[in-house]
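Hi,

Here is the model I said I would pass on. Have a look at it first, and then read my notes below.

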Amino acid sequence: QLQPKRVSRNMAERQRNVEESVARETKTKRKNRRRNAKPRSTAPSASKLERDEESNRNEADSMPKDEQKLPIAMENPKRSGERGEGTNLTEGGAEVSLPEKETPKAVERRRRVKEDRLTLEELETEQFIFFVPKGKRSQRFPDDAYYCRACNLHLRDDNHCQRHVNQRSHEKHVKARREILKVKKLPKSTESQLWSLTCLLEDLYEQHGISETEETSRNAVGKEINDLIQSHLTDCEVILYGSSLNDFGLKKSNINLLIYYTKSSKQTIATAMMAALQLLKSSDLVSHVKGYFDDTLPRICFTHKKTALQCEICAGQGRKAIKLTGLLRHLSSLDRRARILGIAFRLWANLCKLDEPRNCTLPAVSYPL
């Protein structure tokens, strides 16, 4: 008994859905017709213009010659402008519509486009932000129309560019980019400039570099300290390394010494450092003895009385330093210019206080390298 009622309800719902869909289609068709409909032209048709011309000619022929009048446009040309800016008169006196003047909105739009072009030029020249056409955009960023070369960043639109320009990170990158461009645009140095620069570097090398006599005196200081320590600690040995032997040292550089035990000894290096500290404090050869055992590289600092040179005895990773000393000495023997430039860089780092690893800077050995 319930089945026919359900069927009738379903049929009624289907009919309603069909009627609603038909009503929607009719509405859309009407809207499309209104959109596609051409606006009615206010100008008179060609057939009407021809009729008016024929009637005017017939009237002019019927009238006497004295009473015949010229067309309005030829009778007084100035009156043609009085009929409005968007209309004009033909020879027959009919009005024809002309293109109207630009509205203030259109003028404002054109002015904004010009301003956008100027801002785009400023972005390219001053901010290193360039427009990327659609065919040349990255596959990862197909919607980003701009690219910042200073920050290596893709930007979506003009608003994104303005926000990116105001960031501090962008300002830092732009400043660095400008400095690089300035250096690239510098003219090439002449022969006289190169000659004056070589003379300056050679003078610095003679004034601040270690000479052969100073090198021999430093070796003598190392032997004295070695003899002093071996007189009480027979299993220990002290070796000279660093700037005193690698030909890249300055005159005010300290003497680097390495203490270590021989293979046959069973004692630790800590006992040797403590014993060396006590020996140096009781010796008459040195003064201002201090021990720094809490640092990453334990060391003993003192001053040699005869030469007034500062010395350091360290323990730990000294074997690598000895190998590096031999490498630098071999490189300096290949070319004298390498030695001159290495000393110039070391002097610059010393003046700027960039050769102190305790203050989180690079070691002095890195600058000659």
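**What I found**

Just after helix H11, Lys 353 has a positive phi of about 60°. Do bear in mind that this is a predicted model. H11 itself covers residues 336–351, so 16 residues, and spans 23 Å from its first C-alpha to its last, close to the 22 Å expected at 1.5 Å a residue. A good part of this helix is covered: Arg 339, Ile 340, Gly 342, Ile 343, Ala 344, Arg 346, Leu 347 and Ala 349 are buried.

One of those residues, Arg 339, leads back to helix H10. Ser 332 sits in H10 (residues 318–334), and beyond its neighbours within four places in sequence it contacts Asn 246, Asp 247, Phe 248 and Arg 339. Is Ser 332 buried or exposed? Ser 332 counts as buried because its relative accessibility is 7%, and the cut-off for buried is under 20%.

Now the overall picture. The protein has eleven helices and ten strands. Of its 369 residues, 25% count as buried. The exposed area is about 28,600 Å², with carbon and sulfur atoms supplying 52% of it. If you take the contacts with a separation of 6 or more, 45% are between residues 24 or more positions apart.

The part I spent time on is the sheet. It is open, has five strands in the order S6-S7-S10-S9-S8, and its pairing is mixed. S6 and S8 are the edge strands, each pairing on one side only. On average, neighbouring strands are turned by 25° against each other, direction ignored.

Going across it strand by strand:

- S6 and S7 are antiparallel, with six bridges; Val 238 has Ile 259 in S7 as its bridge partner.
- S7 and S10 run parallel and are joined by four bridges. Leu 258 is partnered with Cys 314 in S10, and Asn 256 with Glu 312 in S10.
- S10 and S9 run antiparallel, joined by five bridges, and Phe 302 has Cys 311 in S10 as its bridge partner. These two strands form a hairpin with five residues between them, and Ala 308 in the turn takes a positive phi of about 60°.
- S9 and S8 are antiparallel over five bridges, with Tyr 292 partnered by Arg 299 in S9. A hairpin through six residues joins S8 to S9.

Which way do the side chains of S7 point, and are they buried or exposed? Ile 255, Leu 257, Ile 259 and Tyr 261 point one way, Asn 256, Leu 258 and Tyr 260 point the other, and all are buried. That makes seven of seven residues of S7 buried. S9 has six of its six residues buried. Its two faces are both covered, with Arg 299, Cys 301 and Thr 303 on one side and Ile 300, Phe 302 and His 304 on the other.

Two helices to look at against this sheet are H8 and H9. H8 packs on the sheet and touches S6, S7, S8, S9 and S10, its direction making about 170° with that of S6. H9 lies across S6, S7, S8, S9 and S10 too, and runs at about 130° to S7.

That brings me to the largest nonpolar core, which has 27 residues; Ile 229, Ile 259, Ile 300, Phe 302 and Ile 313 touch the most other members. At least two residues of this core come from each of H8 (212–230), S6 (236–241), S7 (255–261), H9 (269–282), S8 (286–292), S9 (299–304) and S10 (310–314). H9 gives the most, with six residues.

Ile 300 is a good place to centre your view. Setting aside residues up to four places away in sequence, Ile 300 touches Met 273, Ala 276, Leu 277, Leu 280, Val 289, Lys 290, Gly 291, Phe 293, Cys 311, Glu 312 and Ile 313. Another core, of eleven residues, lies apart from the largest one and includes Phe 128, Ile 129, Tyr 146 and Val 165.

Shout if you want to go through any of it together.

Cheers

How values were computed: Residues are numbered from 1 along each chain as its sequence is written. This is a predicted model: local features need pLDDT of at least 70, side-chain atom pairs count only at pLDDT 80 or more; totals for chains, interfaces and linings use all residues. Side-chain values use heavy atoms; hydrogens and water are left out. A nonpolar core is a set of buried Ala, Val, Leu, Ile, Met, Phe, Trp, Tyr and Cys residues joined through side-chain atoms within 4.5 Å. Buried means under 20% relative accessible area, exposed over 50%, partly exposed in between (1.4 Å probe, protein chains only). Contact means heavy atoms within 4.5 Å. Accessible areas come from the Shrake-Rupley method with a 1.4 Å probe; for residues, only the protein chains shown count as cover. Two strands pair if DSSP finds at least two bridges between them. Axes are lines fitted to C-alpha atoms, for helices over the stretch in contact, and angles run from 0 to 180 degrees between N-to-C directions. The expected span of a helix is 1.5 Å times one less than its number of residues.
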